[in-house]
Amino acid sequence: MPELVVKNLKKEFGDNTVLHDNTFTIKDGEFFTLLGPSGCGKSTTLNCIAGLERPTGGAITVDGTTFVDQERGTFLPPEERNLGMVFQSYALWPHMTIAKNLALPLDIRKVDKARQKELIHDALDKVGLADLSARYPHQLSGGQQQRVALARALVYSPTMLLLDEPLSNLDAKLREQARAWLKRLQVELGITTVYVTHDQDEALALSDRIAVMSGGHMLQVADPHAIYERPATPEVAAFVGRCNFFQGKVEESSGSRHTVRLDANDGVVVVEADLETSPGQGITVAIRPERLEVVPAGAETPGTNRLDTEVLTSSYVGSHYEYDVRLGNQVVQVESQRPGLTGRVQLVFEAGSALLYAEKVALSQEERDLLTVS
């Protein structure tokens with residue numbers, strides 16, 4: 001299987017730049033996910049790889065073959081790239097049987113009929129639908145249609161698989177089952193896969209590496225553990241999983257230990273982070289809800305940082321309780337195993353449980369309304 005190399009990929013639509021000189025490499029056999037909100041440029045990146053969009057600048061090379069090189073005027077058309085692609089809508093022909101849907105790309109490649117039958121059976125067998133080849137798309141469930149679309153992308157043995165939000169039309173339970181099945185299939189085939197999604201859980205569960213995108217930029221490219229535990233920017237921390245952000249100023253620093261006074265309630269916390277700071281510097285402390293503990297006021301529990309707060313709401317969600325608590329003029333989200341807490345409580349967390357960012361997070365008005373208590 002090939003390695004994909006993308007250098008300085010840029011795409012403009014008129015005066016609007018949707019991709020900003022992105023450079024990355026996808027390794028042989030890797031499951032690589034482009035993750036981000038709508039409009040971040042992830043599908044445009046995929047379409048540039050597929051040949052459905054022509055980049056404004058940059059180069060794309062697969063296994064030594066140049067697909068695109070804008071500087072040299074090279075552009076290989078989609079049909080010559082031998083890539084398998086599954087669209088969000090599946091794009092199945094409703095008037096054709098499943099077998100005939102799979103035969104289409106083979107007809108284009110002038111594969112003889114006897115060989116077509118073998119390839120179609122093998123592809124449907126890979127996705128567990130070999131006995132449904134005579135059915136029509138409307139006779140299949142959404143999950144089965146998704147598998148047919150994947151089989152059609154695999155039937156001609158592509159060098160690489162491109163998947164554009166293929167699970168988004170499935171309900172939550174079926175989506176969980178489908179992603180587990182998809183990962184097993186990808187590992188079994190060993191095919192290099194580029195996957196587009198806005199679903200962070202999907203990206204974490206499926207990927208060998210993730211590129212988090214925003215505004216046409218790649219903010220961080222790393223394995224799922226690093227993306228979640230060590231997000232490179234506040235924007236990555238906010239998008240992948242839930243995260244609380246506290247504005248503040250540095251009071252003092254000693255090595256990796258930083259003392260920060262929070263704007264929300266004038267409280268002081270200590271954070272351990274590999275970051276150079278100086279007294280008076282504006283700073284952002286970020287901490288995920290599951291890294292916080294909420295305890296009754298005055299309870300003897302370990303924890304470097306203790307902040308006086310008040311419970312606003314509590315919800316039982318099966319595996320844990322979720323609390324919204326008031327910290328000064330800000331709402332903080334907490335996940336806890338402690339049931340039934342009300343009134344005055346304390347937020348407790350260790351110095352190494354928080355993240356520290358040198359810049360202050362620029363929140364949207366909607367986010368400020370959500371986090372601020374009047």
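How many positive and how many negative side chains does the protein have, and how far apart do the centres of the two sets lie?

**Entry 1: charges.** I noted at the outset that this is a predicted model. I counted 37 positive and 50 negative side chains in the protein. I then looked up the centres of the two sets, which lie 5 Å apart.

**Entry 2: the whole protein.** I recorded 374 residues, of which 48% count as buried. I found that the C-alpha atoms fill a box of roughly 80 × 50 × 35 Å along the principal axes. For the accessible surface I noted a value of about 17,600 Å², and carbon and sulfur atoms hold 47% of this area.

**Entry 3: contacts along the chain.** I considered the contacts with a separation of 6 or more. Residues 24 or more positions apart account for 66% of these contacts.

**Entry 4: secondary structure.** I listed 9 helices and 21 strands in the protein. I chose one open sheet of 5 strands to follow further.

**Entry 5: the open sheet.** In what order do the strands of this open sheet stand? I read the order as β16-β20-β17-β18-β19, with antiparallel pairing. The edge strands are β16, residues 293–296, and β19, residues 330–336, and each pairs on one side only. I noted that the twist averages 45° from one strand to the next. As a reminder to myself, strands of a sheet pair through backbone hydrogen bonds.

**Entry 6: one pair of strands.** I examined β16 beside β20, which spans residues 344–349. These two strands pair in the antiparallel sense over 4 bridges. Within this pair I located Val294, which stands opposite Leu347 in β20.

How values were computed. Residues numbered from 1 in each chain as written. Predicted model: local features only at pLDDT ≥ 70, side-chain atom pairs only at ≥ 80, totals over all residues. Heavy atoms only, no water. Buried < 20%, exposed > 50% of the residue type's maximum accessible area, 1.4 Å probe, protein only. Contact = heavy atoms within 4.5 Å. Areas by Shrake-Rupley, 256 points an atom, 1.4 Å probe, with all protein chains shown as cover. Lys, Arg positive; Asp, Glu negative; His and termini not counted. Charge placed at Lys NZ, Arg CZ, Asp CG, Glu CD. Pairing = 2+ DSSP bridges. Axes fitted to C-alpha atoms, helices over the stretch in contact; angles between N-to-C directions.
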